[in-house]
Amino acid sequence: MTDDPLLLTLPLMDGESTFDYLSRLAARNGVATMARFCKDQGLSPRRIRDGCPVELARLGKLSGVPVRDLEAASIRKVAGGFMLRGHHILVSSIRKHRFRVCPACLRTDIESSDLRPHVAAYGRLAWKVVSIRTCPQHGLGLADIGSGTDKNDQDFTCAVRLHAGNLGALAEQAPRRPASELERYLRRRIDGLPGNASFLDGLELHAAARFCEVVGAFALHGRKTSMNAFGDHDWYLCGAVGIGIACDGEDAIRRFLTGLQRAYPYGHHVKYSPLPPFLYFKSWLNSRNCTGYAPAKDLLARHVAETPPDVVQDKPRITLVRPEAPPAVPGMPRKILVTSARPRRIEPTASLVARKPTVMDTGHPAASRPPYDPARHAMLTSNAAAAWLGCDASLFVSLQAHGLLTPTYGDGCWRHAFERGQLDDLLTRLLAGAELIEDTSDGVGITEAARRCSCAPVEIVHLLLADEVSWKGRHATGKGIASLLVRTDAIHTRLEKQALSGPTLKEARLETGVDVKVLASLISMGAMDTGIAIDAMTRSPVNVIYQSSLEDFFGEYVELMDVGRAVRQSSTDVRRRLKAGGFESDFEAINLNMAYYKYDKIDECYIGKKSLQ
């Protein structure tokens with residue numbers, strides 16, 4: 001241990017976090033882990049991670065980096081959470097044990113340095129914020145590179161070392177999409193710049209992010225909202241839609257709240273029914289305990305108090321119809337899987353998955369766009385551009401994620417801007433050859449067609465652009481995309497073949513009641529098959545369990561504790577009896593207290609015993 005400056009040091013890079021810098025400094029001095037380096041130098045990694053000024057001063061003396069720079073790049077622990085450059089932020093809003101990175105950024109770091117790859121690549125402070133999921137420079141979704149050799153160490157270089165030779169493949173697998181307006185807004189506030197969004201600026205940083213995401217979730221899914229099953233791509237879409245509502249201030253949020261009430265316009269609770277969307281949203285917001293949500297709660301309270309009586313009606317009487325119990329079958333009954341409404345997912349080989357080159361860092365058009373015409377210079381905001389196209393917010397974000405629209409970033413502003421020329425080009429291609437009709441009975445709009453065909457609206461847009469629909473019409477009184485009419489028969493037949501059915505781990509947890517860790521353990525043992533599907537709305541890769549594999553497993557195997565509950569015996573007694581009969585578990589993980597047996601074994605030992613029925 002010494003307080004003398006190190007001979008081998010590193011500069012703190014622009015945007016780098018202090019704790020990731022400490023990890024690189026250890027690697028620069030040839031020490032395998034950050035923990036070992038800190039022990040040798042008498043530093044406390046926990047106190048540096050928590051932004052302790054005294055410990056940061058010692059690190060500054062060793063590294064030669066000004067203490068004020070280390071403090072500005074730190075996430076300082078305070079009562080009730082952390083401080084990030086003057087912004088209070090909750091623990092749940094910070095990535096602590098797993099690293100998300102932009103592979104293209106790390107490749108640039110490595111290529112522009114003479115240092116070893118894992119020393120040259122550095123972690124950005126913004127990547128630690130949960131609601132930031134996309135790199136604005138490269139238009140890539142952040143890739144998960146795990147936690148290194150020990151998740152509790154939070155050692156950045158250990159995690160990078162495992163992937164340094166695979167960054168090209170990670171970049172290829174990452175979803176292509178522009179950074180959403182929410183992500184750009186959060187980055188701007190983190191950098192100490194004004195957000196210029198009156199209502200959101202009054203919320204704490206973490207509250208503004210989550211409020212936008214949840215508003216977007218309700219705007220997109222309404223009563224079907226199941227946020228516990230959302231993945232990163234879902235939250236990206238929700239955040240992009242939510243800030244489009246919240247950025248316009250209180251009046252826009254009030255319109256959103258009124259829309260929620262009118263979507264299910266009854267004022268009292270119905271037994272055995274889900275909460276109405278408005279009450280679900282109200283319950284979520286009022287359950288936020290921190291003061292950061294105070295302006296949002298106040299707005300909600302004023303809205304409820306001022307809501308006209310004609311918006312809220314009395315609920316009708318609903319006769320409860322209980323489902324009939326299935327007929328009893330011999331032996332142990334099979335587990336009933338409750339398949340929830342999942343986002344549309346398609347095969348990776350589907351035609352619309354083809355990658356399109358984009359350049360997101362300079363604001364220039366994507367390579368797939370027509371040449372820029374200076375005569376078409378009018379710029380529109382996201383909301384205005386969506387209205388110009390005649391589409392809703394979710395389809396508008398999908399068009400960007402699929403590379404069909406490319407935002408241009410204004411100088412010093414987080415808002416997207418769209419050249420009216422590219423919007424007109426898209427409309428021209430979509431409407432070309434459409435038959436002008438007065439009677440809408442010949443077809444349905446894109447949104448309704450997507451609902452009937454169980455697909456995403458953007459998939460139908462792709463078919464229209466590729467001229468792969470047998471007929472399309474245009475209603476005389478409609479505008480833009482909203483005026484388009486299609487026939488669903490051929491569309492359903494074509495798109496049905498591209499569907500890939502299966503839940504993510506979070507979705508499988510809700511559908512089976514089995515813990516995520518147990519499901520992951522079963523997958524690692526080969527009990528179920530998994531693969532990559534593509535989320536149709538955001539074109540993001542998603543890990544799923546194949547539906548057939550999930551059903552086959554739970555149709556053939558039962559968990560030991562479920563058997564115990566069915567026969568009213570302890571798990572130990574059940575195991576003892578099975579072992580006496582010569583039956584061993586087929587899949588077992590002692591650390592998770594999990595053991596699965598074939599139903600045939602259970603039926604042989606317990607036939608005639610009282611079952612789950």
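## A guided tour of the chain

Start with the whole chain in view: its secondary structure comes to 28 helices and 19 strands. Keep in mind that this is a predicted model. Colour the chain by burial, and you will find that buried residues make up 51% of its 613 residues. The fold also brings distant parts of the sequence together: among contacts between residues at least 6 apart in sequence, 71% join residues at least 24 apart.

**Stop 1: the nonpolar core**

Select Leu-200, Phe-211 and Phe-281. These are the residues with the most contacts inside the largest nonpolar core, which has 49 residues. Now add the elements that each supply at least two residues of this core: β2 (81-84), α10 (181-190), α11 (198-201), α12 (205-221), α13, α14 (250-263), α15 (277-286) and α16 (294-306). Which helix gives the largest share of the core? Highlight α12, which contributes ten residues.

**Stop 2: α13 against α18**

Stay with α13, residues 232-246, and add α18, residues 393-401. Two packed helices are described by the angle between their axes and the distance between the axes. Here the angle is about 120 degrees, and the axes lie 9 Å apart. That angle makes α13 oblique to α18. The crossing of the two helices is right-handed.

Next, show side chains where they touch. From α13, pick Tyr-236, Leu-237, Ala-240 and Val-241; they meet Ala-393, Ser-394 and Val-397 of α18. By class, this contact has six nonpolar residues, one polar residue and no charged ones.

Look again at how the α13 residues are spaced along the helix. An α-helix has 3.6 residues a turn, so residues three or four places apart point the same way.

**Stop 3: α21 against α22**

Move on to α21 (residues 457-465) and α22 (residues 488-496), which pack at an angle of about 105 degrees with their axes 11 Å apart. This makes α21 roughly perpendicular to α22. Select Glu-459, Ile-460 and Leu-463 on α21, then Ile-491, Arg-494 and Leu-495 on α22, to see the contact. Its residues divide into four nonpolar, no polar and two charged.

**Stop 4: helix α28**

Finish at α28, residues 599-606. Is this helix largely enclosed or largely open? Six of its eight residues are buried, so α28 is largely enclosed by the rest of the structure. Click through the buried ones: Tyr-599, Lys-601, Ile-602, Asp-603, Cys-605 and Tyr-606. To see what covers them, switch on the elements that include α25 (547-556), β17 (557-559), α26 (560-567), α27 (571-580) and β19 (594-598).

Methods
Residues numbered from 1 in each chain as written. Predicted model: local features only at pLDDT ≥ 70, side-chain atom pairs only at ≥ 80, totals over all residues. Heavy atoms only, no water. Axes fitted to C-alpha atoms, helices over the stretch in contact; angles between N-to-C directions. Helix = DSSP H or I, 4+ residues; strand = E, 2+ residues; numbered from the N terminus. Parallel < 35°, antiparallel > 145°, perpendicular 65-115°, else oblique. Left-handed = near helix turned anticlockwise from the far one by under 90°. Contact = heavy atoms within 4.5 Å. Nonpolar A, V, L, I, M, F, W, Y, C, P; charged D, E, K, R; others polar. Core = buried A, V, L, I, M, F, W, Y, C linked by side-chain atoms within 4.5 Å. Buried < 20%, exposed > 50% of the residue type's maximum accessible area, 1.4 Å probe, protein only.
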